[in-house]
Amino acid sequence: MALTYLPLPGTPVHDLDTPALIVDLDIAEANILKMQAFANKSGVALRPHVKNHKSPYWARKQIAAGAIGVCVAKVSEAEVMAEGGIGDIFVANEIVTAPKISRLMSVAARAKVAVAVDTEQNLKDLSAAAQKHGVELGVLVDVNVRINRCGVEPGAPAVALARKASGMPGIRFEGFMGYEGHIAGAGIDPAARKETIDSLDKLLFTVRAAEDAGIPVKVVSSGGTSTYTVTGAIERVTEIQAGSYIFMDGAYLKEMDDFTSAMTVLGTVISRPTADKAILDCGLKSVSNSSGQPRIVGTPGAEFLALNAEHGHVKLEGEARKLKVGDKVHLLPMHGESTINIHNEYFCIRKGVLEAVIPVAARGMFR
Ligand SMILES: Cc1ncc(COP(=O)(O)O)c(C=O)c1O
């Protein structure tokens, strides 16, 4: 990646050129440690999903803190993680096309790899490819725990698939995955908590049925940032897949305060067309408006109105009207991962100054 702008360590955050994806290292590291402490206390392993941060740098910090490996959504993310030295990768998604299956086998030749499966045909294709490449591939049967996305139905259909996987050459059947990603705020909202327990019941019932049928189940993988306190406390769940807790975007901050916001996009005022309006150099190409417009933090009276491709419109009241052309403002994206995915690098700050510039190594890796 061509780094055309590389400020020196020690540069104060407000001297960084913009738009820039800023991460406060003290906060992100504290978030990493806090989730790991929860996992340790609950006796559950942590396998963070890295589709959020897309960077082996952060994955290595999570593993150094005690995580057992990572989850990814895409083969290309798995490739970047393996290249970055991550030795245990679970592709928590269905990988079905021949080119991707072949690439997955290459990753499995250099790291411990498992993948989610929800059809027999996919199992057969993976088994054939694993034999051809001389590798062993872990498999978790993906159970639909009411997310209604991928996943085989709980109970008999999932157990039948697990039985097929158990006997297939090249395949190592590890257990079941069930991601309850349709639930928000399980830590505080009793209805969300109940829905988490009900959803997980689908997974646990399936695990019991498999064990009753004589199929050993080693791994039960589930849980995200919204549900970790409930899912992680369930004894039979062996690992949680939470990811967004590392930076906490605006949408997650609306539903919980367990972790602290660590990431903003820094922008510059490039025009002041009227007394009550500023235009920023941040548009859709530097901050996502998925889940809502970004929120301006640290500049009271400034409210984000709208995004063009390369411009942000800000309404100014009170003190915020003192903003001048050239001033910098921090934007909190409502959706962190779709914002990260449009940046080439993280500018990592500690105590207000630049410590490191880290590539978003799996940026755009969606294949
Ligand atoms: C399968 C799976 N597991 C885990 C996660 C992580 O969830 P969160 O970002 O809420 O922590 C995701 C996120 O979409 C996911 O798709």
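**Backbone, domains and ligand shell of a predicted model**

With 8 C-beta neighbours inside 10 Å, Asn148 counts as exposed, because a residue with 12 or fewer such neighbours is placed in that class. The structure described here is a predicted model. Asn148 is a welcome place to begin a tour of the backbone, since its phi is near 55 degrees, a positive value in a residue other than glycine. Asn148 sits in the loop that joins strand E6 (137–142) to helix H6 (156–166).

Met248 offers a second case: its phi is also positive, at about 60 degrees, although Met248 is not a glycine. The loop that holds Met248 runs between strand E9 (239–240) and helix H9 (250–255). Is Met248 buried or exposed? With 23 C-beta neighbours inside 10 Å, Met248 counts as buried, because 20 or more are enough for that class. Most residues other than glycine have a negative phi, and most peptide bonds are trans. Against this background, the peptide bond from Thr18 to Pro19 also deserves mention, as it is cis, with omega near -5 degrees. Pro19 belongs to the segment before strand E1 (20–24).

Attention now turns to helix H2. Within this helix (residues 56–65), the buried residues are Pro56, Trp58, Ala59, Gln62 and Ile63. Viewed down the axis of H2, these buried residues fall within an arc of 160 degrees, so they line one face of the helix. Their cover includes helix H1 (25–42), strand E3 (70–72) and helix H3 (75–83). Just after H2 comes Gly66, with a positive phi of about 135 degrees.

On a broader scale, the domain assignment of the chain gives domain 1 (13–22 + 259–359) and domain 2 (44–248). The C-alpha centres of domain 1 and domain 2 are 35 Å apart. Eleven residues from domain 1 and ten residues from domain 2 take part in the contact. On the side of domain 1 that touches domain 2, the elements giving two or more residues are helix H10 (336–340) and strand E17 (353–359). H10 gives the most to this side, with three residues. By type, the residues on this side of domain 1 divide into six nonpolar, four polar and one charged.

Finally, there is the ligand. It is surrounded by 13 residues, of which the closest are Tyr179, Gly224, Thr225, Gln241 and Ser244. What is the make-up of this shell in nonpolar, polar and charged residues? The shell around the ligand holds four nonpolar and nine polar residues, and no charged ones.

Key: Residues are numbered from 1 along each chain as its sequence is written. This is a predicted model: local features need pLDDT of at least 70, side-chain atom pairs count only at pLDDT 80 or more; totals for chains, interfaces and linings use all residues. A residue is near a molecule or strand if its C-beta atom, placed from the backbone, lies within 6 Å of it. Ala, Val, Leu, Ile, Met, Phe, Trp, Tyr, Cys and Pro count as nonpolar, Asp, Glu, Lys and Arg as charged, and the others, Gly among them, as polar. Domain bounds come from an automatic or database domain assignment. Two residues are in contact if their C-beta atoms, placed from the backbone, lie within 7 Å. Helices (H or I, at least four residues) and strands (E, at least two) are DSSP runs, numbered from the N terminus. The arc is that of the directions from the helix axis to the C-beta atoms.
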